[in-house]
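Trainee: I have a fresh model open on my screen and would like to practise reading it. Could you go through it with me, one question at a time?

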Amino acid sequence: MMHSMTAFGRAIGDSGDAAVSVEIKSVNSRYLDVSFRLPRFLSFLEEKIKAYLEANVITRGKVEVSITYTSRAVSDRTVALNAAYADAYVLALKNLRDRCSLPDDITTMSVARNPDVFTSLSREVDPADIWERILPVLEEAGKAHRSMRAAEGEKTKVDLFAKLEQIAAWVDEIETLSKADTVTYRDRLESRIRAILADNKVTVDENRLLTECAVWADKIAIDEELTRLRAHFGAFREIAEEPTPSGKKLDFLMQEMNRETNTIGSKCCDAQIARLVVNIKNELEKIREQVQNIE
């Protein structure tokens with residue numbers, strides 16, 4: 001199945017004491033490039049999330065993962081009195097009062113203004129517990145993302161196949177025209193050579209003349225190019241139906257199609273064939289641009 005690289009997936013989860021939101025959005029890229037927007041305390045999950053995405057969601061594209069984590073539990077930070085420091089600090093204030101005969105305005109709030117009187121402790125985060133809360137939401141966001149990529153990929157495939165059908169029709173037309181063009185070219189060449197030989201009073205070697213005309217007519221024949229081009233059409237459809245990512249294969253195949261089309265254009269002298277070749281190249285370029293967004 002063909003999958004687009006451009007998609008968006010979002011999911012929200014609630015585990016009772018924590019609310020989790022995960023967003024996954026992606027655009028086309030030659031390789032897998034994952035960036036994160038996470039709270040700092042979740043940064044340890046980046047490699048684990050990237051591995052999950054590559055194994056279950058997307059293998060190629062520029063991906064941005066955004067996660068919010070709101071805890072409803074009792075604060076994970078505690079404040080404790082630095083008793084030894086507080087005693088020493090108050091004693092120093094009293095000494096200052098007595099030594100300088102200052103007003104006795106030592107109060108709880110005045111002492112609390114010194115930030116060293118208290119210490120702030122953070123409760124240790126359990127990585128396994130955090131991951132267990134985030135993983136189900138990540139899975140739901142990944143499913144939504146894959147679903148959108150599959151839907152976009154299916155639409156793209158239908159459009160690509162329609163373009164291939166149009167190109168195939170032009171190829172059939174070129175084949176018909178080229179057969180007549182080859183015969184016409186051979187006859188014109190033979191007539192021209194006979195005229196030149198006659199003007200120079202050279203005796204015509206019929207076998208040699210027919211051989212040379214046949215060789216040159218064969219040089220402008222495009223049967224092989226048309227056959228290979230049609231084979232590429234079949235390969236394109238087969239690759240597009242594969243369950244594995246097909247974007248890189250299709251991109252390579254487009255190069256081969258362009259090469260065969262250019263060869264056809266360079267061999268043929270017929271104006272109608274030249275016009276059809278231009279049409280094919282224009283349609284192949286449209287297909288190539290769409291293939292750039294296929295995983």
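Trainee: Which residue in β2 is the bridge partner of D14?

Mentor: Good place to begin, and keep in mind that this is a predicted model. β1 and β2 pair in the antiparallel sense over 8 bridges. One of the positions to look at is G13, which stands opposite V20 in β2. For D14, the bridge partner in β2 is A19.

Trainee: How many residues lie between β1 and β2 in their hairpin, and which residue in the turn has a positive phi?

Mentor: Most residues other than glycine have a negative phi. In this hairpin 3 residues lie between the two strands, and the turn residue with a positive phi, of about 100 degrees, is G16.

Trainee: What is the strand order of the open sheet?

Mentor: Start from the edges: β1 (7-14) and β3 (32-37) each pair on one side only. Next, β2 and β4 pair in the antiparallel sense over 10 bridges, with K25 standing opposite E64 in β4. The sheet has 4 strands with mixed pairing, and its order is β1-β2-β4-β3.

Trainee: By how many degrees are neighbouring strands of this sheet turned against each other on average?

Mentor: Here the direction of the strands is ignored. The average turn between neighbours in this sheet is 15 degrees.

Trainee: Which helix lies across β2, β3 and β4, and at what angle does it run to β3?

Mentor: Look for the helix that spans residues 46-56. That is α1, and its angle to β3 is about 135 degrees.

Trainee: Why are the buried residues of α1 on the same side of the helix?

Mentor: An α-helix has 3.6 residues a turn, so residues three or four places apart point the same way. In α1 the buried residues are I49, Y52 and L53. The face turned away from that buried side carries the exposed residues E47 and A55. The buried three sit on the same side of α1 because the arc they cover around the axis is only 100 degrees.

Trainee: Which helix supplies the largest share of the largest nonpolar core?

Mentor: This core has 30 residues, and I167, I174, F236, M257, I264 and I287 touch the most other members. At least two residues each come from α4 (127-199), α6 (223-240), α7 (247-267) and α8. Another core, of 24 residues, lies apart from it and includes I24, I49, W131 and I134. In the largest core, 8 residues come from the top contributor, α4.

Trainee: What kind of aromatic pair do F41 and Y69 form?

Mentor: A pair of aromatic rings is described by the distance of the centres and the angle of the planes. F41 is in the loop between β3 and α1 while Y69 is in strand β4, so the pair ties together parts 28 residues apart in sequence. F41 is partly exposed at 37% relative accessible area, whereas Y69 is buried at 14%. With 5.8 Å centre to centre and 75 degrees between the planes, the pair is edge-to-face.

Trainee: And what kind of aromatic pair do Y85 and Y89 form?

Mentor: Y85 and Y89 both lie in helix α2, 4 residues apart, about one turn of the helix. Y85 is partly exposed at 30% relative accessibility, and Y89 is partly exposed at 24%. Their ring centres are 6.1 Å apart with 10 degrees between the planes, so under the 30 degree cut-off the pair counts as stacked.

Trainee: What distance separates the C-alpha atoms of Y89 and V117?

Mentor: Leaving aside neighbours within four places in sequence, Y89 is in contact with V111, N114 and V117. Y89 and V117 are 28 residues apart along the chain, and their C-alpha atoms are separated by 8.2 Å.

Trainee: Is S101 buried or exposed?

Mentor: S101 lies in the loop between α2 and α3 (108-112). S101 has a positive phi of about 50 degrees although it is not a glycine. Its relative accessible area is 66%, so S101 is exposed.

Trainee: Last one: is E295 buried or exposed?

Mentor: E295 lies in the segment after α8 (271-291). Beyond four places in sequence, E295 touches residues including H3, M5, R60, R149 and P245. Its relative accessibility is 7%, so E295 counts as buried.

Definitions and conventions. Residues are numbered from 1 along each chain as its sequence is written. This is a predicted model: local features need pLDDT of at least 70, side-chain atom pairs count only at pLDDT 80 or more; totals for chains, interfaces and linings use all residues. Side-chain values use heavy atoms; hydrogens and water are left out. Two strands pair if DSSP finds at least two bridges between them. Axes are lines fitted to C-alpha atoms, for helices over the stretch in contact, and angles run from 0 to 180 degrees between N-to-C directions. Contact means heavy atoms within 4.5 Å. Buried means under 20% relative accessible area, exposed over 50%, partly exposed in between (1.4 Å probe, protein chains only). A nonpolar core is a set of buried Ala, Val, Leu, Ile, Met, Phe, Trp, Tyr and Cys residues joined through side-chain atoms within 4.5 Å. The arc is that of the directions from the helix axis to the C-beta atoms. Rings of Phe, Tyr and Trp (its six-membered ring) pair if their centres lie within 6.5 Å; planes under 30 degrees apart count as stacked, over 60 as edge-to-face and the rest as tilted.
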